[in-house]
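Q: Please take a close look at the aromatic rings of this chain and at what lies around them. Explain each term with its cut-offs as you go, for a first-year student.

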Amino acid sequence: MLLNWTVMILYNYFSAMFVGPGYVPLGWTPEKSQDCMYLQYCKVCQSYKAPRSHHCRKCNRCVMKMDHHCPWINNCCGYQNHASFTLFLLLAPLGCIHASFIFVMTMYTQLYNRISFGWSSVKIDMSAAKRDPRPIIPFGLSAFAASLFALGLALGTTIAVGMLFIIQMKVILTNKTSIESWIEEKAKDRIQYYQTGETFIFPYDMGSKWKNFKQVFTWSGIPEGDGLDWPVRDGCHQYSLTIEQLKQKADKRVRSVRYQAVEDYSGVCCPVTKGVKTFFTTPCTEEPRIALSKGDLILATRGLKHWMYGEKILDSAANGGIRERGWFPRKCVEKCQYDSESDQPVDGEKKNR
């Protein structure tokens, strides 16, 4: 049984790793040219982003139905390997539970005749059991310590990986990805902030958990569709989600605030020279840091108490159209009093908009 768990776990693990998520073809454009207005353009891949696809900085490609980039498989979880990745998250805890049961029963049976209870103490005899025939593997102190350590690892893996499996099943049963769940939350915030009265309906939820489940798990192991075109529910069309993404992108530009760098920053994760609080409150995320030179202009979109996230304003022609986005210390920048594009105070502009 343990061998069976091991084979299935490794098969799905390496499938998720080597099959990959599937990438949007380089230079891809929709069949109808007028549909380009509903899509975002990726300057790195030189193609339009297909519905449900996102660009991964680690893979340096646009990934079809991207859920997240997983460092444990050194690849993205997406359209082609979502089922294998989720099965790995299910089988690993099951195998660890089986191993934990073996460890517990082994320690119990081996220690049962070795523990003597006194009025004031408990004595454990870790010598080999005096019985005939002798055990094939003597259960000594080192075996007990190794079994206890392995039990801790098995239980820790069961809890940690089991929680990831629950998170994945929640998004699969609604036919979403982790990124799309975040997009839906931002859509609700945008509608509430501007009081537009519109209603955002997630277009890929088939209305049934079983139908959503079959979008990822199939008997053949090959997911449905081609990763570019997706079935949508009634009342929505193929570009409902991408249109919402464009609205959120425009809203981000409106809410962004211009800052100017007043100190140099090398782009290290935990800068020592920027203060103790900045050092210990560095964002716990895989998102990059951007190096700053005094005088650089940055459009900040979000931030923490001691850190901010934004995009450096660069000359698109000189930089090849590549954007530099990431975190930087708040103390390295100061807010510009006027927006150079409109010559109006930034605060007043945001309030009026």
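A: The answer starts with ring pairs and then moves to charges over rings, a sheet and two loops.

The model is predicted, so local features are given only at pLDDT of at least 70 and side-chain atom pairs only at pLDDT 80 or more, while totals for chains, interfaces and linings use all residues. Numbering runs from 1 along each chain as its sequence is written, and side-chain values use heavy atoms, with hydrogens and water left out.

A pair of aromatic rings is described by the distance of the centres and the angle of the planes. Rings of Phe, Tyr and Trp (its six-membered ring) pair if their centres lie within 6.5 Å; planes under 30 degrees apart are stacked, over 60 edge-to-face, and the rest tilted. By this rule there are 13 aromatic pairs. One of them is Tyr-13 with Phe-88, a tilted pair with centres 5.3 Å apart and 50° between the planes. This pair joins distant parts of the chain, since Tyr-13 is in helix H1 (residues 2–19) and Phe-88, 75 residues away, is in helix H2 (residues 82–111). Helices (H or I, at least four residues) and strands (E, at least two) are DSSP runs, numbered from the N terminus.

Phe-88 is buried, at 18% relative accessible area. Buried means under 20%, exposed over 50%, and partly exposed in between (1.4 Å probe, protein chains only). Phe-14 and Phe-18 make a stacked pair, 6.0 Å centre to centre with 10° between the planes. Both are in helix H1, four residues apart, which is about one turn of the helix. Phe-14 is partly exposed at 38%, whereas Phe-18 is exposed at 64%. Tyr-13, Phe-14, Phe-18 and Phe-88 together form one aromatic cluster.

The unreviewed UniProt entry annotates residues 6–24, 87–108 and 136–167 as "transmembrane region"; its positions are given in the numbering used here, feature names are shortened, and annotations may be inferred rather than shown by experiment. In the model, residues 6–24 are 74% helix and 0% strand, with end C-alpha atoms 33 Å apart. Residues 87–108 are 100% helix and 0% strand, and their end C-alpha atoms lie 32 Å apart.

Two rings have a charge over them. The charged end of Arg-255 is over the ring of Tyr-193, 3.9 Å from its centre. Arg-302 lies over the face of Tyr-309, 4.1 Å from the ring centre. The rule requires NZ of Lys or CZ of Arg within 6 Å of the ring centre and within 35 degrees of the ring normal.

Next comes the sheet. Five strands form an open, antiparallel sheet in the order E12-E11-E10-E9-E13; two strands pair if DSSP finds at least two bridges between them. Strands E12 (325–329) and E13 (333–335) are at the edges, each with a single partner, so one side of each has no neighbour in the sheet. Strand E10 (residues 297–303) is joined to antiparallel strand E11 (residues 307–312) by five bridges. Ile-298 stands opposite Lys-312 in E11.

Two loop residues remain. Most residues other than glycine have a negative phi. Gln-46, however, has phi near 55°; this residue is in the loop between strands E1 (41–42) and E2 (47–48). Asn-74 also has phi near 55° and is in the loop between strands E5 (68–70) and E6 (75–77). Gln-46 is partly exposed at 49%, and Asn-74 is exposed at 63%.
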